[in-house]
Amino acid sequence: MPPMASTSLFIPASFAPATAAAPARRSFSSHRSSPSTVPSVRLRRASSSLVVSASASPPRSLDALIFDCDGVILESEHLHRQAYNDAFAHFGVRCPPAADAPLDWDEAFYDILQNRIGGGKPKMRWYFGENGWPSSKIFETPPSSDSDKEKLVDIIQDWKTERYKEIIKSGTVEPRPGVLRLMDEVRGAGIKLAVCSAATKSSVVLCLENLIGLERFTGLDCFLAGDDVKQKKPDPSIYVTAAKKLGVESKNCLVVEDSVIGLQAAKGAGMSCIITYTPSTANQDFKDAIATYPDLSNARLEDLKLLLQESLVTG
């Protein structure tokens, strides 16, 4: 078997999280600690009770809980990576064009990439822009015009999306712990429920129908995907749009995210955010989150209401 094309690349500082300055180039082989070293639950503040003075503003209420999809409702990084690599192999994508084998994004590379750049098409645009546009079965020679470059990205992304759907429909994927229980608590309490994902709408719809069930999916008060906004996370557009569609104030929304990119989007929209991290995001800087969890097993609705109120009083 011929060797896979190398992905020992560098991410520019412009894609580093806003919470910390990064050198101009960051090696993809940087060390990452084991997720087992991350505390099971981390609260930004240590107070165990909420005290509001008579003169204080009324506590903010939790009017809407908004879930991200990939990484929150399901651990999907490895599934997306598999679908991308299958697409690269299917179309013979070689980057650089003289590579002996189709492009293959390894796990370490994709962990960094997907935590820096939201959305599949932006990932490919950035990668090909940095490493040279590839040869492929779509274009025998690397595309040079903007229209041909967009055509290449669109065709690869469409095939990748269909492949991802096949993986989801295989029946081997389950929602992360605590997701369905928390969704049902929220609906039972009369609080609005939404899902906002940067992924392609058709793939998110398939995920939700298969993982949370058709009844929960059709019962959502708002559902937005990457197709619905012009800018991807960390741009806050998707959450700003969600608040408008839900008819609630941003300060009364709580977002569930798994990465710094999503956290930045939520904060940019004026929303509080909790983190349910994955192995690939466990060691990111979540200091702006009001709480972090390894999963949602122990995230109870009443606790989330208290956290949201506390974030107004103390921060």
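1. In this predicted model, helix α3 supplies the largest share of the lining of the largest pocket, namely five residues. Helices α1 (77–90), α2 (107–114), α3 (120–131), α4 (146–169) and α9 (260–268) each contribute at least two residues to that lining.

2. The volume of the largest pocket comes to about 840 Å³. Its lining consists of 45 residues, and those nearest the pocket centre are Gly118, Gly119, Gly120, Lys123 and Ala198. By residue class, the lining comprises twelve nonpolar, 18 polar and 15 charged residues. The reader may wish to keep in mind that Gly is counted as polar in this division.

3. Helix α3 also carries Met124. The relative accessible area of Met124 is 0%, so this residue is buried. Once neighbours within four places in sequence are set aside, the contacts of Met124 are Tyr84, Phe88, Trp105, Val153, Ile156 and Gln157. Leu152 lies 28 residues from Met124 along the chain, and the C-alpha atoms of these two residues are 9.8 Å apart.

4. Gln157, one of the contacts of Met124, belongs to helix α4. Its relative accessibility is 4%, and Gln157 therefore counts as buried, the cut-off being under 20%. With residues up to four places away in sequence not counted, Gln157 touches Tyr84, Gly120, Lys121, Met124 and Thr200. Tyr84 thus appears in the contact list of Gln157 and also in that of Met124. Gly120, touched by Gln157, is among the residues that lie nearest the centre of the largest pocket.

5. The aromatic side chains deserve separate comment. The structure contains twelve aromatic pairs. In one of them, Phe88 and Trp105 meet edge-to-face, with 5.0 Å from centre to centre and 80° between the planes. Because Phe88 is in helix α1 and Trp105 is in the loop between α1 and α2, this pair ties together parts that are 17 residues apart in sequence. Phe88 is buried, at a relative accessible area of 0%, and Trp105 is likewise buried, at 0%.

6. Trp105 forms a further aromatic pair with Phe109; this pair is tilted, with 5.8 Å from centre to centre and 40° between the planes. Trp105 and Phe109 are both buried. Through ring pairs, Tyr84, Phe88, Trp105, Phe109, Tyr110, Tyr127, Phe128 and Trp133 are linked into a cluster. Members of this cluster also appear among the contacts of Met124, including Tyr84, Phe88 and Trp105.

7. A charge placed over a ring should also be noted. Lys160 sits over the face of Tyr164, at 5.0 Å from the ring centre.

8. Two peptide bonds that precede proline should be examined by the reader. The bond from Cys95 to Pro96 is cis, with omega near 5°, and Pro96 is placed in the loop between α1 and α2. Trp105 is also found in the loop between α1 and α2. The bond that joins Lys233 and Pro234 is cis as well, with omega about 15°. Pro234 is located in the loop between β6 (222–224) and α8 (237–246).

How values were computed:
Residues numbered from 1 in each chain as written. Predicted model: local features only at pLDDT ≥ 70, side-chain atom pairs only at ≥ 80, totals over all residues. Heavy atoms only, no water. 1 Å grid on protein atoms, 1.4 Å probe; cavity = no way out; pocket = protein on both sides within 12 Å on 5 of 7 lines; lining within 4 Å. Points joined across faces, edges and corners; volume = space filled by probe spheres on them. Helix = DSSP H or I, 4+ residues; strand = E, 2+ residues; numbered from the N terminus. Phe/Tyr/Trp six-rings, centres within 6.5 Å; stacked < 30°, edge-to-face > 60°. Buried < 20%, exposed > 50% of the residue type's maximum accessible area, 1.4 Å probe, protein only. Lys NZ or Arg CZ within 6 Å of the ring centre and 35° of its normal. Contact = heavy atoms within 4.5 Å.
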